[in-house]
Amino acid sequence: MLTIFIRVILIYILLIGTMRIMGKRQIGELQLSELVTTILLSELASQPITDSQIPFAFALIPICVLLSLEVVISFAVTKIPFLKPIFDGTPSILVSHGVINKSEIEKVRISIEELLSAIRIEGIGDIEDVDYAILEHNGQLSVIPKKQAAPPSASEMNIKVSESGIAHALVVDSHISDFDLNLIGRDREWLNKRLKKHKAELSEVYLFCVNDEGKEYLVKK
């Protein structure tokens, strides 16, 4: 029992490290080679856990080989152009300027119903309002509406707007994020002064955010 417990911990740490090295993609964004590697990793990792007779090295060595192969392929694809379509595939243009590309739809085996559903999800009711619908290498569908069907931007309406950036969570549940403080070029002394202005002690703060414009948002416990 103790052996299995130790194996689970070691394989868990090994897989976490492997996936971290592979990158931060979500499952839906994995390239074909990454998806295959992920499936193989799960299979290789499960065997030594379920069967204590299998040596731990039987999982360690194949996982390391797969990781090395994935890193080498990822690097090669970025440096050798002809390898990219082999391992990553190429995008498929399903709709161009409101016209459906029937041959491409048949080639990628997507039904018209699926295409129309994906377009509706993007808030476009008519296929003629689609400038481009592109099936990307990771299987996601990018839908770009025509200008006449897209909501007007602030620049098109001659409205001047300022960029507020993102909200940086400086304090979460009374814990200070030095990483976010560094991002906005501030320190703990500045943070303490801002909390005093809000009449809040650090122990009372559930969430304190500041965006790139300096707008502050504080929630007490």
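The legends below describe close-up views of a predicted model.

**View 1. The four-stranded sheet, in which neighbouring strands pair in the antiparallel sense.** This open sheet has the strand order 2-1-3-4, and its edges are formed by strand 2 (99–100) and strand 4 (141–145), each of which pairs on one side only. Strand 1 (residues 92–96) and strand 3 (residues 130–135) run antiparallel and are joined by four bridges; within this pair, Ile 93 of strand 1 stands opposite Ile 134 of strand 3. Strands of a sheet pair through backbone hydrogen bonds, either parallel or antiparallel.

**View 2. Helix 6 (residues 112–121), which packs on the four-stranded sheet.** Helix 6 touches strand 1, strand 2, strand 3 and strand 4, and its direction makes about 60° with that of strand 4. Leu 115, Ala 118 and Ile 119 are the buried residues of helix 6, and because they fall within an arc of 100° when seen down the helix axis, they line one face of the helix. An α-helix has 3.6 residues a turn, so residues three or four places apart point the same way. The buried residues of helix 6 pack against strand 1, helix 5 (102–108), strand 3 and strand 4, whereas Glu 113, Arg 120 and Ile 121, on the other side of helix 6, are exposed. Helix 6 is followed by Gly 123, whose phi is positive, near 85°.

**View 3. Strand 5 (167–172) with its antiparallel partners, strand 6 (175–176) and strand 7 (205–211).** Five bridges pair strand 5 with strand 7, and in this pairing Val 172 has Leu 207 of strand 7 as its bridge partner. Strand 5 is also joined to strand 6 by two bridges, with Val 171 having Ile 176 of strand 6 as its bridge partner. Strand 5 and strand 6 form a hairpin with two residues between the strands, and in this hairpin Asp 173 takes a positive phi near 55°.

**View 4. Helix 8 (residues 188–197), with a buried side and exposed residues on the other side.** The buried residues of helix 8 are Trp 190, Leu 191, Arg 194 and Leu 195; because they cover an arc of only 135° around the axis, they lie on the same side of helix 8. These buried residues pack against strand 5, strand 6, helix 7 (178–183), strand 7 and strand 8 (216–220). On the other side of helix 8, by contrast, Glu 189, Lys 193 and Lys 196 are exposed. Lys 199, which follows helix 8, has a positive phi near 55°.

Notes: Residues numbered from 1 in each chain as written. Predicted model: local features only at pLDDT ≥ 70, side-chain atom pairs only at ≥ 80, totals over all residues. Heavy atoms only, no water. Buried < 20%, exposed > 50% of the residue type's maximum accessible area, 1.4 Å probe, protein only. Arc of directions from axis to C-beta. Contact = heavy atoms within 4.5 Å. Pairing = 2+ DSSP bridges. Axes fitted to C-alpha atoms, helices over the stretch in contact; angles between N-to-C directions.
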